[in-house]
Structures are given as C-alpha cells and as structure tokens.
Amino acid sequence: MYAVIKTGGKQYRVAAGEKIKVEQIAADVGQEIVFDQVLAVGNGTEIKVGTPLVSGATVTVTVLVHGRHDKVHIFKMRRRKHYQKRQGHRQNFTELQVSSIAA
C-alpha cells in the first residue's frame, strides 16, 4: 500500500517502512507525526484519488533525525565584465520513517 502526501510545499510517494527526507519539520526526534494531507492512496490494483484530499486518510511517521543536505554551489559570471560571484547553500531536512498508512 502506498500514499501520496503533501508537506513542505512538495509531494512525496510513501509506503509503510520507507525512510524519506522532507523539508525541516519542527518536531523532536522520536516524536510521531500524523499527516492528514493525503492526496492519493493506492494498493497496486486500485487507486483512490482525492479532490483534492482523500477524506479520512492519514499517514503516521516517526522523526528519525534532523540534518543538512550537501552544499549546493552557486556560481554566477558575466563574460567580459570581470564579474564573478560564488555562493553556497545547505538546506535543512528531517528524515522520517513511515509507520502506517490508514485509508
């Protein structure tokens, strides 16, 4: 069984037992979170798509760790103008373990 959830402005396809990295969530490590913004639920042969959400469907996850992704290097340059700019960015994330999907 799988579900499509919405969190942090993005959509993720999750199944029970999976680990996913999402945008940082303000929660403690070990805490259980219930996502009620479920866009679709499927079990292989049939799929239930919400308009826009599936009513009564929830996904329960456990917070494993908070961290930061690898650095993304940004380099801007204008040719023949002697302009170069270097910048870097590391995005925060929260790693989640999907416990159960209730449809």
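Which residues is Lys 48 in contact with, leaving aside its neighbours within four places in sequence? I looked that up before anything else. Lys 48 is in contact with Leu 39, Ala 40, Val 41 and Val 54, where contact means heavy atoms within 4.5 Å.

**Ground rules**

I'm working on a predicted model, so I keep in mind that local features need pLDDT of at least 70, that side-chain atom pairs count only at pLDDT 80 or more, and that totals for chains, interfaces and linings use all residues. Residues are numbered from 1 along each chain as its sequence is written, and side-chain values use heavy atoms, with hydrogens and water left out.

**Lys 48, continued**

I placed Lys 48 in strand β6; strands are DSSP runs of E with at least two residues, helices are runs of H or I with at least four, and both are numbered from the N terminus. Lys 48 counts as partly exposed at 48% relative accessibility. My cut-offs there: buried is under 20% relative accessible area, exposed is over 50%, and partly exposed is in between, with a 1.4 Å probe and protein chains only. I also checked a long-range pair: the C-alpha atoms of Lys 48 and Ala 103 are 9.1 Å apart, with their positions 55 residues apart along the chain.

**The core**

Next I went for the largest nonpolar core, which has 20 residues. A nonpolar core here is a set of buried Ala, Val, Leu, Ile, Met, Phe, Trp, Tyr and Cys residues joined through side-chain atoms within 4.5 Å. Val 14, Phe 35, Val 59 and Leu 96 touch the most other members. The elements giving two or more residues to this core are β1 (2-7), β2 (10-15), β3 (19-23), β4 (32-35), β5 (38-42), β7 (58-68) and β10 (92-102).

I then listed the neighbours of Leu 96, not counting residues up to four places away in sequence. Leu 96 touches Glu 18, Lys 19, Ile 20, Val 22, Ile 25, Phe 35, Val 61, Thr 62, Val 63 and Leu 64.

**The open sheet**

How are the four strands of the open sheet ordered? The order is β3-β10-β7-β4, with antiparallel pairing; two strands pair if DSSP finds at least two bridges between them. β3 and β4 stand at the edges with a single partner strand each, so one side of each has no neighbour in the sheet. Neighbouring strands of this sheet are turned by 45 degrees against each other on average, direction ignored. For that angle, axes are lines fitted to C-alpha atoms (for helices over the stretch in contact), and angles run from 0 to 180 degrees between N-to-C directions.

I zoomed in on β3 and β10, which pair in the antiparallel sense over five bridges. Glu 23 has Phe 93 in β10 as its bridge partner.

Thr 60 caught my eye in strand β7. Its relative accessibility is 15%, so Thr 60 counts as buried. Leaving aside neighbours within four places in sequence, Thr 60 is in contact with Glu 32, Ile 33, Val 34, Gln 97, Val 98, Ser 99 and Ser 100.

**β1 and its partners**

β1 pairs with β2 in the antiparallel sense over six bridges, and Val 4 has Arg 13 in β2 as its bridge partner. The two strands form a hairpin with two residues between them, and Gly 8 in the turn has a positive phi of about 65 degrees. β1 is also joined to β5 by four bridges, again antiparallel, with Val 38 in β5 as the bridge partner of Ile 5. Five of the six residues of β1 are buried, so β1 is largely enclosed by the rest of the structure.

**Rings and charges**

How many aromatic pairs does a search of the whole structure find? Zero, with Phe, Tyr and Trp (six-membered ring) pairing if centres lie within 6.5 Å, and planes under 30 degrees apart counting as stacked, over 60 as edge-to-face and the rest as tilted.

Charges over rings did turn up. The charged end of Arg 13 sits over the ring of Tyr 2, 4.0 Å from its centre. The charged end of Lys 21 sits over the ring of Phe 93, 4.6 Å from its centre. The test is NZ of Lys or CZ of Arg within 6 Å of the ring centre and within 35 degrees of the ring normal.

**Backbone oddities**

I found a cis peptide bond joining Thr 51 and Pro 52, with omega of about -5 degrees. Pro 52 lies in the loop between β6 (47-49) and β7.

Arg 80 is not a glycine but has a positive phi of about 65 degrees. Arg 80 is in the loop between β8 (72-78) and β9 (83-89), and is exposed at 69% relative accessible area. His 82, also not a glycine, has a positive phi of about 60 degrees. His 82 is in the loop between β8 and β9 and is exposed at 82%.
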